[in-house]
Amino acid sequence: MYLRKHPRVWRDGDVYAPHDLSPAEARKWKGVKSPKKDVIDMLGVNPLDNYRNFSMISEFMTPMGRIMHSKDTGLRPVNQRKMAKAIRRAIGLGIHPSVHRHPEVMKMRRGINTAMKI
């Protein structure tokens with residue numbers, strides 16, 4: 001019941017005023033807002049031209065080979081569709097594995113994670 005009235009997601013440590021719980025403030029958070037610009041727009045690349053770019057394609061796939069949801073990628077709907085089409089194209093041509101991440105990508109990720117812990 002409370003979540004229907006207040007669509008805003010509160011995280012641990014958020015500070016709020018009494019006005020933030022008012023119906024007027026809740027209306028501001030009700031609508032779903034898609035991003036105006038995303039990574040694809042900022043880089044100025046077309047995913048359909050880069051379906052052979054293994055590292056770019058693997059960033060938008062889960063470790064089990066599924067296409068990530070737009071909530072996770074942060075892409076605009078137009079670019080999410082283009083990226084999904086590029087991923088399907090790469091899998092269809094056999095350039096990219098459809099069921100798992102390539103061992104080289106996993107090794108690179110492990111190297112990044114260990115470097116971040118230091």
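## Confidence and overall layout

The mean pLDDT of this protein is 82, with 77% of its residues at 70 or more. That makes sense to check up front, as this is a predicted model. Confidence varies along the chain: among the elements, helix α1 (residues 2-5) has the lowest mean pLDDT, 54, while α6 has the highest, 94.

As for secondary structure, you're looking at seven helices and zero strands. Along the sequence the pattern simply reads α-α-α-α-α-α-α. Of the 118 residues, 24% count as buried. Take the contacts with a separation of 6 or more, and 58% of them come from residues 24 or more positions apart.

## The nonpolar core

Which residues make up the largest nonpolar core? There are 10 of them: Ile40, Tyr51, Met56, Ile57, Phe60, Met61, Leu75, Met83, Ala86 and Ile87. Two helices, α4 (54-59) and α6 (77-93), each bring at least two residues to this core. Helix α6 gives the largest share, with three residues. As a bit of background, nonpolar side chains tend to be buried together in soluble globular proteins.

Ala86 is a handy core residue to click on. Skipping residues up to four places away in sequence, Ala86 touches Pro47, Leu48, Tyr51 and Ile57. Tyr51 and Ile57 are themselves on the list of core residues.

## Around the Tyr51 ring

Core member Tyr51 has arginines over its ring. Arg52 lies over the face of Tyr51, 5.3 Å from the ring centre. Arg89 also lies over the face of Tyr51, at 5.5 Å from the ring centre. How many aromatic pairs does the structure hold? Zero, so don't go hunting for ring-ring pairs here.

## Two buried polar residues

Ser58 is found in helix α4. Is Ser58 buried or exposed? Its relative accessibility is 4%, so Ser58 counts as buried; the cut-off for that is under 20%. The side chain of Ser58 reaches the backbone oxygen of Ser55, at 3.0 Å.

Gln80 sits in helix α6, the element with the highest mean pLDDT. Gln80 counts as buried because its relative accessibility is 13%. Which residues is Gln80 in contact with, leaving aside its neighbours within four places in sequence? They are Ile67, Met68, His69, Ser70, Thr73 and Leu75. Of these, Leu75 also turns up in the largest nonpolar core.

Key: Residues are numbered from 1 along each chain as its sequence is written. This is a predicted model: local features need pLDDT of at least 70, side-chain atom pairs count only at pLDDT 80 or more; totals for chains, interfaces and linings use all residues. Side-chain values use heavy atoms; hydrogens and water are left out. A nonpolar core is a set of buried Ala, Val, Leu, Ile, Met, Phe, Trp, Tyr and Cys residues joined through side-chain atoms within 4.5 Å. Buried means under 20% relative accessible area, exposed over 50%, partly exposed in between (1.4 Å probe, protein chains only). Helices (H or I, at least four residues) and strands (E, at least two) are DSSP runs, numbered from the N terminus. Contact means heavy atoms within 4.5 Å. Rings of Phe, Tyr and Trp (its six-membered ring) pair if their centres lie within 6.5 Å; planes under 30 degrees apart count as stacked, over 60 as edge-to-face and the rest as tilted. A charge sits over a ring if NZ of Lys or CZ of Arg is within 6 Å of the ring centre and within 35 degrees of the ring normal. A polar contact is a pair of N or O atoms within 3.5 Å; within protein, one must be able to donate a hydrogen and the other to accept it, and residues adjacent in sequence count only if both atoms are side-chain atoms. pLDDT is the predictor's confidence in each residue, from 0 to 100.
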